[in-house]
Amino acid sequence: MVIVGGGFAGLSAARAFRNRPVQVTLVDRAGHHLFQPLLYQCATGILSEGQIATPLRYILRHESNVECVLAEVTGFDVAARTVIATRPTGGVLEIPYDDLIVAAGAEQSYFGHDEFAALAPGMKTLADALTIRRRVFGAFEMAETATDPEERRRWLTFVVVGAGPTGVELAGQIREVATRTLRDEFHRASVADTRVLLFEGGESALASFGPKLAGRAARTLRRLGVELFVHSVVTEVDRRGVAVRGPDRTVTRYEAGTVLWTAGVQAPPLAHALARQTGAEQDRAGRIRVAPDCTIPGHPEISVVGDLMALDHLPGVAEVAMQSGRHAGLRIRRQVEGRAAAGTGKPFRYRDLGSAAYLARGRAVVSFGRVRLGGFVAWCLWIAIHIGFLTGFRNRAGALLTWMITIGWAARRERALTAGQVADLRDGRHAAIPEQAARGRNTARSP
Ligand SMILES: Cc1cc2nc3c(=O)[nH]c(=O)nc-3n(C[C@H](O)[C@H](O)[C@H](O)COP(=O)(O)OP(=O)(O)OC[C@H]3O[C@@H](n4cnc5c(N)ncnc54)[C@H](O)[C@@H]3O)c2cc1C
């Protein structure tokens, strides 16, 4: 049994084989399980990288039948039932399988403009969060040392592209950093005047939460000082700012020292390799269309789960990933145990447990079933949900303690810069996401 990817989906699949006579190989290019919903807290100096990323070897240390392999999967030989990967030390690694679960997640979509990636980091990986953290805290330092008032204003202007949950959370946190955390630390730069411009191509922020909570989110953002622009599409990104096409279709230029991209996702190149090998169909975002039991039609030995799978318009959220990963794992387990014949998987039924987004201290929005909650009660629920899903007691206790300190004293300790990072900012060497920026692919279609 080979599983590609140790995110929410891959890990849930691996856990389905606990104490079963199945040899599982879990291949991941990063070697850690990342709690993506809290990436923005790592990016804004609240949580450390260790609190949201846990080594897969450590998580699965008691599962003697699971071997964790650090390698990047580059392709498949479906006829020979082999996964092809690159070892970290170089060279090709071929891993044979009887059954395969592909759970490689999604990557940021720049809607056909992958060249923006080097200038406007997205937020999908730990490397992205650390890049954003360096850029955000570095921008305040640049503003403090700038002698030209225009230049100082530019460094104190942040652009966030996309007002989904991640964009909203990030924009709100940057304003909180400026108005609470750094308020008394800077003498020349007026950090409280920091502008955070949040551009959304659709008609509202947090549109997926429905009009009532979207309206509430917009009011909270405005109270925080975030400038929200809806029906506004970022058409150009360069080293000095962005160009935005507004609702009246006129294009306006905004000077900004930091541009962050949280709009849209697409399947990684691995999906195209899998589709070519299996003849599977892909949706607009490149995700693999699967049969109701999460297998690739005509290939009952290959399941695709989590963000990479296209099934019944299910959203790319952690619950879908966990439930589909577990579903695929249990299906194979039943076959191995002789309780089901190959190719007779039950259809995957998703139980929607709702969604939540953090807005500000004491404010969040939560939606489940027909219930829509905002404000303090939603914020308490948000904390409970996120603590519940974090991996490991130490991370849970650590995150809770850190949140109490951040809420009470506005302190954010995770924000040290190295001399080399400061030099990069000064010289305009942005180098955000080597993998995605370097590829410069143009595969995603415009929204
Ligand atoms: C910033 C952010 C905030 C989010 N907030 C929420 C939220 O509040 N609530 C919610 O429900 N969902 C949220 N999500 C979505 C949720 O995190 C995803 O739906 C979920 O992580 C998908 O799980 P997955 O296992 O499919 O993919 P991932 O978690 O992305 O895992 C994919 C794994 O595959 C590995 N991998 C990728 N390519 C390769 C390769 N070629 N070779 C080897 N390994 C590979 C990666 O290293 C990674 O470990 C958020 C996502 C982001 C990015």
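Biologist: How far apart are the centres of domain 1 and domain 2?
Modeller: Keep in mind that this is a predicted model. The chain splits into domain 1 (2-29 + 71-106 + 267-336) and domain 2 (114-265 + 354-426). Taking the centres over C-alpha atoms, the separation comes out at 32 Å.

Biologist: And where does the ligand lie relative to domain 1 and domain 2?
Modeller: Look at who supplies the shell around the ligand. Domain 1 gives residues to that shell and domain 2 does too, so the ligand lies between them.

Biologist: Okay, how many residues surround the ligand, and which are the closest?
Modeller: Here a residue counts if one of its heavy atoms lies within 4 Å. That gives 29 residues around the ligand. The closest are Ala 9, Asp 28, Gln 36, Val 73 and Asp 307.

Biologist: Which atom of the ligand does the backbone of Val 73 pair up with?
Modeller: Let's compare a few backbone contacts. Ala 9 has a backbone N or O atom 2.9 Å from an oxygen atom of the ligand, and a backbone N or O atom of Ala 318 also lies 2.9 Å from a ligand oxygen. For Val 73, the partner 2.9 Å away is a nitrogen atom.

Biologist: How much of the ligand's exposed area does the protein bury?
Modeller: Start with the ligand taken alone, which exposes 1000 Å². Among the elements giving two or more residues to its shell are α1 (8-15) and β6 (72-77). With the protein in place, the buried share is 89%.

Biologist: Which class has 15 residues in the shell?
Modeller: Go through the classes one by one. Five shell residues are charged and nine are polar. The class with 15 is nonpolar.

Notes: Residues numbered from 1 in each chain as written. Predicted model: local features only at pLDDT ≥ 70, side-chain atom pairs only at ≥ 80, totals over all residues. Heavy atoms only, no water. Domains from an automatic or database assignment. Polar contact = N/O pair within 3.5 Å; in protein donor to acceptor, adjacent residues only side chain to side chain. Areas by Shrake-Rupley, 256 points an atom, 1.4 Å probe, with all protein chains shown as cover. Helix = DSSP H or I, 4+ residues; strand = E, 2+ residues; numbered from the N terminus. Nonpolar A, V, L, I, M, F, W, Y, C, P; charged D, E, K, R; others polar.
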